[in-house]
Each structure stands twice: as structure tokens, then as C-alpha cells.
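Here is a short report for a reader new to this structure. It starts at the ligand and then moves outward.

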Amino acid sequence: MRVYSSFKDIVKLVDKTDSIGLVPTMGSLHDGHLSIIKKALIKDDMVIVSIYVNPKQFNDPVDLKKYPRNLEDDLDKLKIFNKIIVYAPNDRDVYNGKEEVKRYNFGKITEIMEGRLRPGHFDGVATIVEKLLYMFKPNNAYFGEKDFQQLLLIKELARKIKLDVNIIGCETIRERDGLAMSSRNKFLNKSERKSASQIIKLLERAKKTYNTSSPKSIKSDILKHANSIDNLKIEYFEIIDVSEFFKDKKEIRAFIACKIGNTRLIDNIRI
Ligand code: AMP
């Protein structure tokens with residue numbers, strides 16, 4: 001593993017004949033991140049893992065301030081990978097002064113769910129991802145299905161900016177009880193953690209009834225059930241036909257966002 005804080009130093013290392021993989025993260029790494037890196041290492045000769053808490057994608061300054069950061073722990077977890085390059089920059093290396101967030105128009109993908117509840121969030125995500133793609137010009141860039149709406153948006157971004165990069169989705173890695181791994185899980189106290197394990201149960205309940213009930217009645221059943229879970233407040237529950245956004249991607253997914261105490265969690269599954 002080699003660690004750099006300046007992208008110019010990494011660019012010098014990038015051999016034109018190598019196949020380059022990019023794994024963007026905001027650090028506070030867990031097994032979900034590590035599984036993406038393992039997948040990238042199978043396909044690519046050189047894998048760049050970025051660790052950067054991108055301020056431009058936080059619509060809530062309090063959330064940005066309390067987002068967990070621990071570079072030392074992260075590097076410790078990455079030690080097992082010989083072949084990776086870690087890019088851990090400061091704000092100046094990425095944004096070079098007072099750069100503004102870019103305004104995109106991705107249409108409906110960014111108007112529903114996360115896009116509706118977190119104004120500006122996806123513009124901030126697209127701004128940093130576009131930047132990283134131009135910096136390192138990877139052959140492949142890897143993103144988790146845990147943030148499925150983000151994955152769709154990045155596929156659309158790559159199509160729009162016409163960079164020759166494959167955007168590769170990676171399966172969601174879960175705790176033993178089904179809770180999707182997330183950097184934010186560490187904020188949960190014991191009783192909140194217990195409630196959080198019910199998120200996947202709600203999604204699975206929707207999956208079970210999908211063939212026999214209408215999306216509307218599934219939604220009202222899920223909302224009713226969610227109401228009975230301690231500490232849990234639903235922000236949205238949606239069943240989405242992904243082919244509405246990508247014609248070649250024929251799948252239906254259930255999506256959920258909720259607050260458990262003060263911690264906001266999202267998850268989704270294929271149904
Ligand atoms: P983050 O550090 O939360 O911005 O996540 C960095 C990347 O890891 C994103 O592409 C996420 O979708 C992905 N990711 C986050 N959690 C998981 C998980 N539990 N399983 C797989 N990928 C994940």
C-alpha cells in the first residue's frame with residue numbers, strides 16, 4: 001500500500017498500460033468498502049482508493065461536522081492490500097481554492113428519494129466523482145449498491161461526460177443480522193442498533209408480498225409496520241422499476257430511508 005495526499009504524485013505513477021480501478025470512499029472503512037476493493041483488485045492492475053469526506057455533498061453542516069473520520073484506523077485496515085494506492089487529500093488538493101459545486105441536470109433520478117430530501121447532495125456527489133474520474137482516468141470505477149440511487153446517477157454522469165470508464169456496481173455487505181454496513185452505524189446505541197436490524201426485515205417483507213399485492217398496499221403495510229418499531233422514523237419507502245431510468249436494467253427495487261434516533265440510514269434490495 002502506498003499513501004499520497006497529492007493527486008499529482010499519483011498521476012506520475014499511473015502507467016498507461018495498467019488497467020486502473022478507482023474506489024471512492026469517505027473513509028471510516030468497514031467490510032463493505034473492503035469487499036469493493038477486493039473486487040477491484042481482481043479486475044485491475046492498479047487500484048486507487050480515495051479517502052475524502054467531500055464537504056460539497058453534505059446539505060447539513062452538522063452532519064458534515066460529526067461524520068466519522070479516522071485516517072489512521074482506515075490505513076490500518078488497508079494494510080492487507082499490497083497493490084493499492086491510497087489518495088487521502090485535503091480540501092485544497094481536490095478543490096484548488098474556492099471552487100463551487102457544479103450544477104447538473106440529471107432529471108428524475110435526482111428528484112426522488114435522496115434527491116428530494118437532501119437538496120444539493122447529488123450535485124455534490126457528481127462534482128467530486130467527475131473530478132476523481134478526470135484526475136485518474138480509471139478504466140473501472142466501483143460503487144456500492146447500498147447507495148443504489150447514487151450508483152444510477154454516476155452511471156448517468158459517466159454517460160454524459162463521455163469518459164471511457166466502466167461504472168461497476170458492488171453488492172451490499174451486511175452485518176450478521178442483515179443491517180447494511182455503514183460508517184454511520186457506529187452512532188447507534190444498543191437499543192437503536194436493535195431497531196436498525198429491522199430495516200432489512202421491512203424490505204424483505206415488501207419483497208415477499210410483491211407478487212400478490214399492489215405497490216400502494218405494500219407501501220401502506222410497510223409504513224404501518226415501521227410505526228411499531230422503537231426509535232425508527234421512516235423518511236421514505238419506495239418501490240422503483242429501475243428500467244424507468246436505464247432501459248437495459250430490468251429490475252425492481254425497494255428503497256428505504258429512516259432516522260433511528262439521530263442517525264439517518266438508507267438501504268435497498270432487489271425484489
Ligand atoms: P462511503 O464511504 O459511505 O461514501 O461509501 C463509499 C462506497 O462504498 C460507496 O460506493 C458506497 O455505496 C459503498 N458502500 C457503503 N456501504 C457499503 C456496504 N455495506 N456494502 C457495499 N458497499 C458499500
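Ala, Val, Leu, Ile, Met, Phe, Trp, Tyr, Cys and Pro count here as nonpolar; Asp, Glu, Lys and Arg count as charged; the others, Gly among them, count as polar. By these classes, the shell around the ligand has 7 nonpolar, 6 polar and 3 charged residues. Keep in mind that this is a predicted model.

**The ligand and its shell**

In total, 16 residues surround the ligand. The closest are Met26, Gly144, Asp147, Ile173 and Met181. Three of these names return in the table, which lists polar contacts of the ligand.

| Ligand atom | Protein partner | Distance |
|---|---|---|
| oxygen | polar backbone atom of Gly144 | 2.8 Å |
| oxygen | N or O atom in the side chain of Asp147 | 2.6 Å |
| nitrogen | polar backbone atom of Met181 | 2.9 Å |

The ligand has 490 Å² of accessible area on its own, and the protein covers 92% of it. Which elements give two or more residues to the shell around the ligand? They are strand E2 (20-25), helix H2 (31-43) and strand E5 (140-144). H2 provides the largest share, with 3 residues.

**The second largest pocket**

This pocket has a volume of about 210 Å³. Its lining consists of 16 residues. Nearest its centre lie Ile51, Tyr52, Val53, Arg69 and Pro89. Sorted by class, the lining has 10 nonpolar, 3 polar and 3 charged residues.

**Buried polar side chains**

Ser197 sits in the loop between helix H9 (190-196) and helix H10 (198-209). Is Ser197 buried or exposed? Its relative accessible area is 9%. Buried means under 20%, so Ser197 is buried. The side chain of Ser197 reaches the backbone oxygen of Lys194 at 2.6 Å.

Gln149 belongs to helix H8 (residues 148-161). Gln149 has a relative accessible area of 6%, so it counts as buried. Its side chain reaches the backbone oxygen of Ile112, at 2.8 Å.

Thr263 lies in strand E9 (residues 263-270). This residue is buried because its relative accessible area is 6%.

**Apart in sequence**

How many residues apart in sequence are Thr263 and Glu192? The answer is 71. In space, their C-alpha atoms are 9.1 Å apart.

Another pair joins Gln198 with Leu179. These two are 19 residues apart along the chain, and their C-alpha atoms are separated by 7.8 Å. Gln198 itself is in helix H10. Its relative accessibility is 30%, so Gln198 counts as partly exposed.

**Positive phi angles**

Most residues other than glycine have a negative phi. Two residues in loops depart from that pattern, as follows.

Lys137 has a phi near 40°, a positive value in a residue other than glycine. Lys137 is found in the loop between helix H7 (121-136) and E5. E5 is also one of the elements that give two or more residues to the shell around the ligand. Exposed means over 50% relative accessible area; Lys137 stands at 54%, so it counts as exposed.

Asn231 has a phi near 70°, again positive in a residue other than glycine. Where does Asn231 lie? Its place is in the loop between helix H11 (215-227) and strand E7 (232-241). Asn231 has a relative accessible area of 35%, so it is partly exposed.

Definitions and conventions:
Residues numbered from 1 in each chain as written. Predicted model: local features only at pLDDT ≥ 70, side-chain atom pairs only at ≥ 80, totals over all residues. Heavy atoms only, no water. Near = heavy atom within 4 Å. Polar contact = N/O pair within 3.5 Å; in protein donor to acceptor, adjacent residues only side chain to side chain. Areas by Shrake-Rupley, 256 points an atom, 1.4 Å probe, with all protein chains shown as cover. Helix = DSSP H or I, 4+ residues; strand = E, 2+ residues; numbered from the N terminus. 1 Å grid on protein atoms, 1.4 Å probe; cavity = no way out; pocket = protein on both sides within 12 Å on 5 of 7 lines; lining within 4 Å. Points joined across faces, edges and corners; volume = space filled by probe spheres on them. Buried < 20%, exposed > 50% of the residue type's maximum accessible area, 1.4 Å probe, protein only.
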